[in-house]
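Reader: I would like a close look at one part of this model, namely a loop and what surrounds it. Please start with the loop and then work outwards, and tell me how far the model can be trusted.

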Amino acid sequence: MKIVVLGAGYVGLTTSACLAQLGHDVTCCDIDDTRIAALRCAEIPIYEPGLTDLVRTQMQAGRLRFANDATGPAASAAAVFLAVGTPSDARGDIDLSFVEAGAASVAPHMRSGAILVVKSTVVAGTARQLDQLVKRVRRSDDVTVASNPEFLREGSAIDDFMGADRIVIGVDDARSDSVLRAIYKPLTRAGVPLVATATVNAELIKYSANALLALKIGFINDVADLCEAIGGDVTAVADGIGRDHRIGTAFLAAGPGFGGSCFPKDTRAFASTGRRYGARQPLVEALIEGNEARKRAMSERIIKATPHHGRVALLGTSFKANTDDVREAAAMIIVPILVKAGLDVHAHDPQPGSAMRHLAGIHWHDSALAAARDADVTVILTEWDEYRGLDLDRLCMAMRGRLLLDFRNIIAGERAARAGLHYHGLGRPAAIPEPTRRGQGTSPALHVAASPA
Ligand code: UGA
């Protein structure tokens, strides 16, 4: 099928490449000429494992092309996907202007019988509003609007598309239903379940799914604080509760507070929608506040554990592993607080490009060990595999101090202690080397760091 995707950002690009991989003829359009020129040379502006290869393969196969004007390709497409940005304002409300502008600009050029599919994350009711807009613009009801939310995680977006737990299609008419089922036939034939429901439900599914996943993280972070206070181990607790299949083990890893372009924005939009419709979402409102406070509390831990004007090594600045994205990453809150407190911050990230543009006043290094040289405290902030396999003996030797704060719980405490480090995870018992090993006892910093946030 001929498909146009409006928007060559993270979602638009991944969706375009994956739809081409399913065998469709895809044109991915964006009004950013520079971006399109780069994409035509198969230069991918974001770091996403496998995406560059997939784009190149699909371009070579002639199933994927890029354009800065959608009007021509839209005239023959069976479906136009809207994958443009939906930024949020200070109150958490979603700005729909890009979605509306995209729909208004492409609708007059679509062929009769085609469908417009909203892939962008939008508040409930948007597809129905756009349907009215399209009808007005076309002075006809021969193009209908559907919703098809994405559930792609950065870092594993291609796998999430190809091996989705489910495909959700929001359809208010039979034509949208049959076109979307045809588009996803290669996946449903391979066993991926498809949930077809009204557009408003599909939109609510997207926000509710992200809100519930974020609530799991917020909950386990609170449990981690309790574990610290009582002397428990949150990893054991998470494993024990997660094995109840009604709960599940996923998204129960305690951390420095969730970030990224989705959870923070989507939870704010969910809460804001609740307020607007008089159906407040107190759980999610508390979650948002707790998550932001947690990022600040992590900064306080580091400051308390570091000598005055001391040196801190930060390992990982992206909001999670396998992405270079720093949007709402814990590092974006923590770094400015550390710098303001007068600490000398040395950072490493395997994909530092975006972080280097956004984080000022710190020193960047090519390796974790280089960042840790002469550090009083080393902090693991992102769970990159590279840090799981850190040579802890060399880390200990490189550092001036001994404290390792593992805000992702990816290092075994005993292993760190054997290397001579004073280890503190989140919600886990501290691990401290035998006093004789290096002739050192427990440092005062350790006692401070051990107190819950
Ligand atoms: C999230 C959802 O997982 C996707 O299903 C959804 O499609 C996407 O948002 C979206 O709405 O577009 P993403 O933002 O890529 O995907 O990242 P996640 O893997 O969900 O992680 C979000 C944040 O939660 C990260 O900061 C991560 O470090 C944190 N997290 C995640 C934890 O702290 N603990 C966990 O156990 C899991």
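**A loop and its surroundings**

Author: Asp 173 sits in the loop that joins strand E7 to helix H8 (174-183). The model is a predicted one, and every value below is computed from it. With a relative accessible area of 22%, Asp 173 is classed as partly exposed. Buried means under 20%, so a residue at 22% does not meet that cut-off. For a distance across the chain, take Gly 389: Asp 173 and Gly 389 are 216 residues apart in sequence, and their C-alpha atoms lie 52 Å apart.

A second loop comes into the picture through Ala 198. This residue belongs to the loop between strand E8 (194-197) and H10. Its relative accessible area is 21%, which makes Ala 198 partly exposed. Which residues does Ala 198 contact, once its neighbours within four places in sequence are left aside? They are Arg 128, Gly 170, Val 171 and Asp 172. Of these, Gly 170 falls within strand E7, which covers residues 167-170. Arg 128 is 70 residues from Ala 198 in sequence, with 9.9 Å between the two C-alpha atoms.

Strand E7 also borders an internal space. Over the whole structure, four cavities of 30 Å³ or more are found. The largest cavity has a volume of about 110 Å³. Which elements each supply at least two residues of its lining? They are helix H7 (157-162) and strand E7 (167-170). The lining of the largest cavity consists of 14 residues, and those nearest its centre are Lys 119, Pro 149, Phe 151, Ala 164 and Arg 166.

From the loop that holds Ala 198, the chain passes to H10, a helix that spans residues 199-230. Helix H10 is among the elements that cover the buried residues of H11. Helix H11 runs over residues 234-242, and its buried residues are Val 234, Ala 238 and Gly 242. Why do these residues line one face of the helix? Seen down the axis of H11, the buried residues lie within an arc of 65°, so they share one face. The spacing fits a general rule: an α-helix has 3.6 residues a turn, so residues three or four places apart point the same way.

H10 also contains Ala 211, a useful point for another long distance. Thr 34, in helix H2 (residues 33-40), is 177 residues from Ala 211 along the chain, and their C-alpha atoms are separated by 35 Å. Thr 34 has a relative accessible area of 62% and is exposed.

Cysteines may matter at the bench. Cys 227 has a relative accessibility of 7% and counts as buried, whereas Cys 262, at 26%, counts as partly exposed. The structure holds zero disulfides.

Further along the chain, another loop can be set beside the first. Asp 374 lies between helix H16 (368-372) and strand E12 (377-380). Its phi is near 65°, a positive value in a residue other than glycine. At 37% relative accessibility, Asp 374 counts as partly exposed. Asp 374 is touched by Arg 400, a residue of the loop between helix H18 (392-398) and strand E13 (403-406). Not counting residues up to four places away in sequence, Arg 400 also touches Arg 311, Ala 375 and Asp 376. The C-alpha atoms of Arg 400 and Ala 375 are 5.3 Å apart, with these positions 25 residues apart along the chain.

Glu 328 has a positive phi too, near 55°, and is not a glycine. Glu 328 is in the loop between strand E9 (311-315) and helix H14 (330-340), and counts as partly exposed at 28% relative accessibility.

As for trust, the chain averages a pLDDT of 95, and 96% of the residues score at least 70. Residues 437-453 are a weak stretch, with pLDDT below 50; beyond near neighbours in sequence, this stretch has 40 contacts in the model.

Definitions and conventions:
Residues numbered from 1 in each chain as written. Predicted model: local features only at pLDDT ≥ 70, side-chain atom pairs only at ≥ 80, totals over all residues. Heavy atoms only, no water. Buried < 20%, exposed > 50% of the residue type's maximum accessible area, 1.4 Å probe, protein only. Helix = DSSP H or I, 4+ residues; strand = E, 2+ residues; numbered from the N terminus. Arc of directions from axis to C-beta. Contact = heavy atoms within 4.5 Å. pLDDT = per-residue confidence, 0-100. Disulfide = S-S within 2.5 Å. 1 Å grid on protein atoms, 1.4 Å probe; cavity = no way out; pocket = protein on both sides within 12 Å on 5 of 7 lines; lining within 4 Å. Points joined across faces, edges and corners; volume = space filled by probe spheres on them.
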